[in-house]
Amino acid sequence: MRSHARIGFVLLLTPLVLWLGLLIIIPHIDMLLISLRERISFGVYEPSLAQYQKALTEPLYLRTFWRTAVMSVLATAITLVIAFPVAYYIAKMARGRLQQVLFMLCLIPFYVSELVRTFGWMILLRETGLISNLLQWAGLADQPVEMLYNDAAMMVGLVYTSMLFMVVPLVTTLESLDDSVVEAGYDLGGGGISVLREIIIPHAMPGIVSGCIVVFMLSLGNYLTPTMLGGKDSLWFTEMIYNQFIVRSNWELGATFGFMLLVLSSVIVWGMLRLTGRTLQETMG
Amino acid sequence: MTPDLECVDLVKRFGATTAVDNVSFCVPPGSFFSILGPSGCGKTTIMRMIAGFLEPTSGDIRIKGGTVLDTPPNKRPVNMVFQHLALFPMMTIADNIGYGLRRKGMARDQIARKVDEALERIGLPGIGARKVDELSGGQKQRVAIARCMVLEPDVLLLDEPLGALDLKLREHMKIELKALQAEFDTTFVYITHDQSEALVMSDQIAVMNAGRFEQVGTGQDLYYRPQTPFVAGFIGEANRWKGRIERVEGAMLEMRTETGLAMRATGSGTLSKGDAAEIFVRPESIHLAASDAALSDFDNRLQGKVTSILFNGAASRVLVEDDAGETLEVTLPQTGEFASMERGATVHIGWRAAQAICFGGGD
C-alpha cells in the first residue's frame with residue numbers, strides 16, 4: 001500500500017516538476033548565463049557584464065524600460081478604477097439571471113483571440129474607421145481623424161485586454177461581503193463615500209491586490225497591443241526584446257532585457273504588496 | 001407622553017404580495033417591545049422600514065412624534081443590531097464602536113473616551129485593540145449593542161440577534177439583554193420567532209402572522225388570554241378540538257367535538273348555538289389522576305390510555321389516547337406521584353372550563 005501511494009505521489013508530481021524544470025527554471029538559468037557573456041568573435045564567448053552596462057547606459061533602452069513600467073502601472077490603475085464599479089454592480093446590485101448575464105458579457109470578448117480583439121479597435125479608431133466617419137458625419141470634424149498609433153489608443157487596448165482579469169477577483173471578493181455589513185455602515189451614520197472607504201475597499205483589498213498584480217504583469221509582458229495600437233513613440237519593452245532576439249539575433253542583449261523585465265516586475269509586485277501590507281501568501285491563497 | 005416609536009397604518013407590498021398589512025403600534029419610551037411571529041410573517045420587513053432600508057407603500061413611521069419617512073437611514077435616530085451582528089471584520093473593536101462617532105465628526109480623544117466608557121458598560125473593558133474574530137459569540141453580541149448605543153439612538157432595533165448563538169448562551173443573553181436595556185434606558189424593538197425570548201424580555205409583545213398583528217399585549221395577556229386561534233396555538237402548546245357549539249350560558253359554552261365528546265369551555269367573542277368552533281387547552285392546564293373521583297371538581301373529564309411518555313425533565317409530557325381515539329398531550333407533574341407510570345396504563349384527566357378557550361370558526 002505504501003509503495004502504491006508513493007508511486008501515485010510521484011506520478012502526480014512529475015508533470016509539475018517537468019513543467020517547472022523544462023519551461024521555467026532551465027530556460028531562465030540559460031538566459032541568465034547568456035546575458036552574462038559577450039561575443040568576442042564567431043562562436044567565441046567570454047563572461048562579462050557588458051550587456052548590462054549597455055542596457056543601462058543607452059538612453060533609448062533605459063527610457064523604454066521606465067516608460068513601459070510607468071505605462072503598465074497607469075494601465076493597472078485605470079483598469080482598477082473602471083473595473084471596480086462594474087464588479088460591484090455584478091456582485092452586489094445585480095440579482096439572479098442578470099448577474100450571470102453580466103458576468104458572461106465580461107467573458108465573451110475573451111472567446112476570440114487577442115489579435116482579433118485588437119483588430120476590432122483598429123477598425124473603430126483608424127482614419128477611415130467608424131468613429132472618424134461618425135465625427136465627420138456629425139460635423140464635429142471636417143477631415144478624417146486618425147486615432148490610432150498613439151499612447152491613448154494603446155492604453156485603451158491595454159485596459160480592454162486586462163479588464164476581465166481585474167473584474168473576476170473583484171467580483172469574487174465583493175460577493176463575500178455581507179450585505180448587512182454595508183447596511184450597518186449606513187445605519188450607523190455613514191455616507192456613500194465613507195462606507196466605500198472604510199468598509200467596501202478594505203474588504204475588497206485581497207481582490208484588488210491580486211487583480212492588480214495579474215493586470216500589471218499582463219500589461220508589462222504584452223506584445224501585441226503596444227505593437228498594433230501604439231505609435232512610433234510608444235515603444236514597449238517587449239518589442240525591444242523581440243527585436244534583439246529575432247531581428248538582430250543578439251541573444252545576449254535580448255536575454256539581458258528579459259532579465260531586467262523579470263527584476264522590474266518582481267520589484268513592483270513586491271512594492272505593491274508592501275504598500276498594502278499584504279503577503280503574497282494571503283493574496284494568492 | 002409621546003411614544004418613542006409609532007407606526008401608523010403601515011403597509012408594504014412587494015408586487016402582488018402584501019408583506020405588511022396595515023400595522024399600527026406605539027412603543028412608549030424606555031420599554032422593551034417585541035414583534036413575535038413565524039418566519040416570513042413580515043416582521044423583518046417592518047424592522048427594515050423603521051431602519052430606513054425599505055420604503056413603506058403607505059402609512060407613517062414617527063419617532064418621538066416626528067415622521068422619519070423622508071430621512072435616509074444614516075440620518076435616522078434609530079440603530080440596528082443585525083441578525084448576524086454585521087460587525088466590521090476589518091476594524092478593531094474600538095474602531096467598530098467608534099465608527100458612528102467618527103461619522104459624526106467627533107474629536108479623536110472624545111471618541112476614545114466614549115468607546116472606553118461603552119466597553120466598561122458592557123463589561124468588557126480593555127478589549128478595544130482586539131480584532132472582531134478574537135471574540136466569543138456573547139462578546140460580539142455585546143459589542144454590536146455598544147456600537148449602536150454610543151450613538152444614543154432614540155430606538156434600538158434588534159433583528160433576531162440571538163439566533164446564531166448556542167442554547168446555553170442564548171438563555172444567558174436573554175437575561176443580559178434585558179439588563180443592558182435597563183442600563184442604557186433606551187427603547188428596544190426586538191424581533192424574533194422564538195417565543196421564549198419574547199416572553200422573558202419584553203414589556204409588550206406583538207404577535208404577527210401573515211403581515212398583520214394578531215394581538216399586542218404583555219406576555220401574560222398572550223399566554224392566558226389569547227384573542228385569536230393563531231395566538232392560542234403559537235404561544236405555548238395547546239391541544240385542540242374542532243366541533244359545533246351546543247349550549248351557551250353567558251361566557252360558558254358547551255361544544256360537541258367531531259368525535260362526539262361534549263366539552264365545556266370559556267368563549268371569547270360572540271358564539272351561538274350551532275356555530276363551528278375550536279377549543280384550545282394547554283397541556284399544563286390538564287390534571288392527571290389515577291381515579292375519576294379525584295377529578296370531581298373539573299368541568300371536563302376523560303379517561304384514556306398512556307401511549308407514550310415524553311421525558312424531558314421538568315417539561316415532561318405524556319401522550320394520552322382517549323376513548324374516542326384522539327391523542328392529547330398532558331404535562332407530567334414531577335411530584336413523584338406518577339413516577340411509576342408506564343405505557344398502557346389507564347389514567348383519568350380533567351381540566352376546568354376556565355382554562356379551555358373557545359374560538360369561533362376553525363374549519
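Which residue in E4(B) does B:Val11 stand opposite?

**Entry 1, ground rules.** I note that this is a predicted model, in which local features need pLDDT of at least 70 and side-chain atom pairs count only at pLDDT 80 or more, while totals for chains, interfaces and linings use all residues. Residues are numbered from 1 along each chain as its sequence is written, and chains are lettered from A and ligands numbered from 1 in the order in which they are written.

**Entry 2, strand E1 of chain B.** I looked up B:Val11 and found B:Ser58 of E4(B) opposite. Strands here are DSSP runs of E with at least two residues, and helices are runs of H or I with at least four, both numbered from the N terminus; two strands pair if DSSP finds at least two bridges between them. E1 (residues 5-14) of chain B pairs with E4 (residues 58-63) of chain B in the antiparallel sense, over five bridges. E1(B) also pairs in the antiparallel sense with E2 (residues 17-27) of chain B, over seven bridges, and there I found B:Phe14 opposite B:Thr17. The hairpin of E1(B) and E2(B) has two residues between the strands, and B:Gly15 takes a positive phi near 60 degrees in this hairpin.

**Entry 3, a five-stranded sheet.** Further along chain B I followed an open sheet with antiparallel pairing, whose strands come in the order E15-E19-E16-E17-E18. Its edge strands are E15 (287-289) and E18 (327-331), each of which pairs on one side only. E15(B) is joined by three bridges to E19 (residues 346-351) of chain B, and I noted B:Gly350 in E19(B) as the bridge partner of B:His287.

**Entry 4, the domains of chain B.** An automatic or database domain assignment supplies the bounds, and for chain B it gives domain 1 (5-232) and domain 2 (237-360). Their centres, taken over C-alpha atoms, are separated by 39 Å. Counting two residues as in contact if their C-beta atoms, placed from the backbone, lie within 7 Å, I find four residues of domain 1 in contact with six residues of domain 2.

**Entry 5, where chain A meets chain B.** Here 15 residues of chain A are in contact with 17 residues of chain B. On the side of chain A that touches chain B, helix H8 (179-187) and helix H9 (192-220) of chain A each supply at least two residues, and H8(A) gives the most, with six residues.
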